[in-house]
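Grab a pencil and get ready to work through a few exercises on a protein chain. Have a go at each task before you read its solution.

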Amino acid sequence: MKEEKVILVNQKDEPIGLMNKLEAHEKAVLHRAFSVFILNDKNEVMLQQRAHQKYHSPLLWTNTCCSHQREGETNIQAGTRRLSEEMGFSAELKELFHFIYKAPFDNGLTEHELDHVMIGYYNNKPIINPDEVEDWKWMSIEAIKEDMQIHPDIYTVWFKIIFDEFYHYLEEHKL
């Protein structure tokens, strides 16, 4: 299988090239990414537990899905594609905001991403892809915040950063 390429960007989210995903994470090069938060009508977030065979952060809990845009793909198209690939459903997505973060992993790789955060709504069970997702659950936003303080080691590095930004966004905006 051909390795996925990521879109390298500058601080203004302007594309400046492509690079193999693994190389971008080895070199900590800034690239475009997205994070999807799916909520239900009880205002709970659908979390996924990453599959046990993932090359980084296996079995850790994270937001509904996240990945990288492909060349020529809009943020919404990328989020919709990955939501279907990982969680087995589609939902109408809306982009909320974007920000830059840098998060090193224990294995020497680093996420350095300009992350587009999106939200969507869904009330049913997902049909998870076992190559990507081990398990899933609904959790209230407040319960996630509390659990991250008590059990920070069960969440992905990036989710702790992204959730904090998402939480503050919700405090300042009415959805």
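Below are five exercises on this predicted model, each with a worked solution.

**Exercise 1. The overall layout**

Task: Work out how many helices and strands the chain has, and in what pattern they come.

Solution: Start by counting. You should get four helices and nine strands. Next, read along the sequence, and the pattern comes out as β-β-α-β-β-β-β-α-β-β-β-α-α. Now check the size. For 175 residues, a compact globule would have a radius of gyration near 16 Å, and the chain's 15 Å agrees with that. The C-alpha trace spans about 40 × 30 × 30 Å along its principal axes. Finally, look at burial and contacts: 50% of the 175 residues are buried. Of the contacts with a separation of 6 or more, 62% join residues 24 or more positions apart.

**Exercise 2. Strand 8 and its partners**

Task: Find which strands pair with strand 8 and in which sense, parallel or antiparallel.

Solution: Take strand 3, residues 31–39, to begin with. Strand 3 and strand 8 are parallel, with nine bridges between them, and Ser 35 sits opposite Val 117 of strand 8. Then go to strand 7, residues 94–104. Strand 7 runs antiparallel to strand 8, and ten bridges join the two. Here Ala 103 is the residue opposite Glu 111 of strand 8. Strands 7 and 8 form a hairpin with five residues between the strands, and Gly 108 in that hairpin has a positive phi near 95°. Last step: how enclosed is strand 8 (residues 110–121)? Eleven of its twelve residues are buried, so the rest of the structure largely encloses strand 8.

**Exercise 3. Positive phi without glycine**

Task: Compare Ala 28 with Asn 43: what is the phi of each, where does each lie, and is each buried or partly exposed?

Solution: Phi comes first. Ala 28 has a positive phi near 55° and isn't a glycine; Asn 43 isn't a glycine either, and its phi is positive at about 65°. Now place them. Ala 28 is in the loop between helix 1 (21–27) and strand 3, whereas Asn 43 is in the loop between strand 3 and strand 4 (44–50). Then check accessibility. Ala 28 has a relative accessible area of 19%, so it counts as buried, since the cut-off is under 20%. Asn 43, at 44%, is partly exposed.

**Exercise 4. The two sides of helix 3**

Task: Decide which residues of helix 3 are buried and which on its other side are exposed.

Solution: List the buried ones in residues 141–150: Ile 141, Ile 144, Asp 147 and Met 148. Looking down the axis of helix 3, you'll find these buried residues within an arc of 125°, so they line one face of the helix. That fits a handy rule: an α-helix has 3.6 residues a turn, so residues three or four places apart point the same way. On the other side of helix 3, Gln 149 and Ile 150 are exposed. What covers the buried face? The cover of the buried residues includes strand 3, strand 4, strand 9 (133–140) and helix 4 (157–172).

**Exercise 5. Hunting for disulfides**

Task: Explain why Cys 65 and Cys 66 are not bonded to each other.

Solution: Look at the distance. The closest cysteine sulfur to that of Cys 65 is in Cys 66, 6.8 Å away, which is too far for a bond. A disulfide needs the sulfurs within 2.5 Å. Searching the whole structure turns up zero disulfides. As for accessibility, Cys 65 is buried at 1%, and Cys 66 is buried at 18%.

How values were computed
Residues numbered from 1 in each chain as written. Predicted model: local features only at pLDDT ≥ 70, side-chain atom pairs only at ≥ 80, totals over all residues. Heavy atoms only, no water. Buried < 20%, exposed > 50% of the residue type's maximum accessible area, 1.4 Å probe, protein only. Pairing = 2+ DSSP bridges. Arc of directions from axis to C-beta. Contact = heavy atoms within 4.5 Å. Rg over C-alpha atoms; globule rule 2.2 N^0.38 Å.
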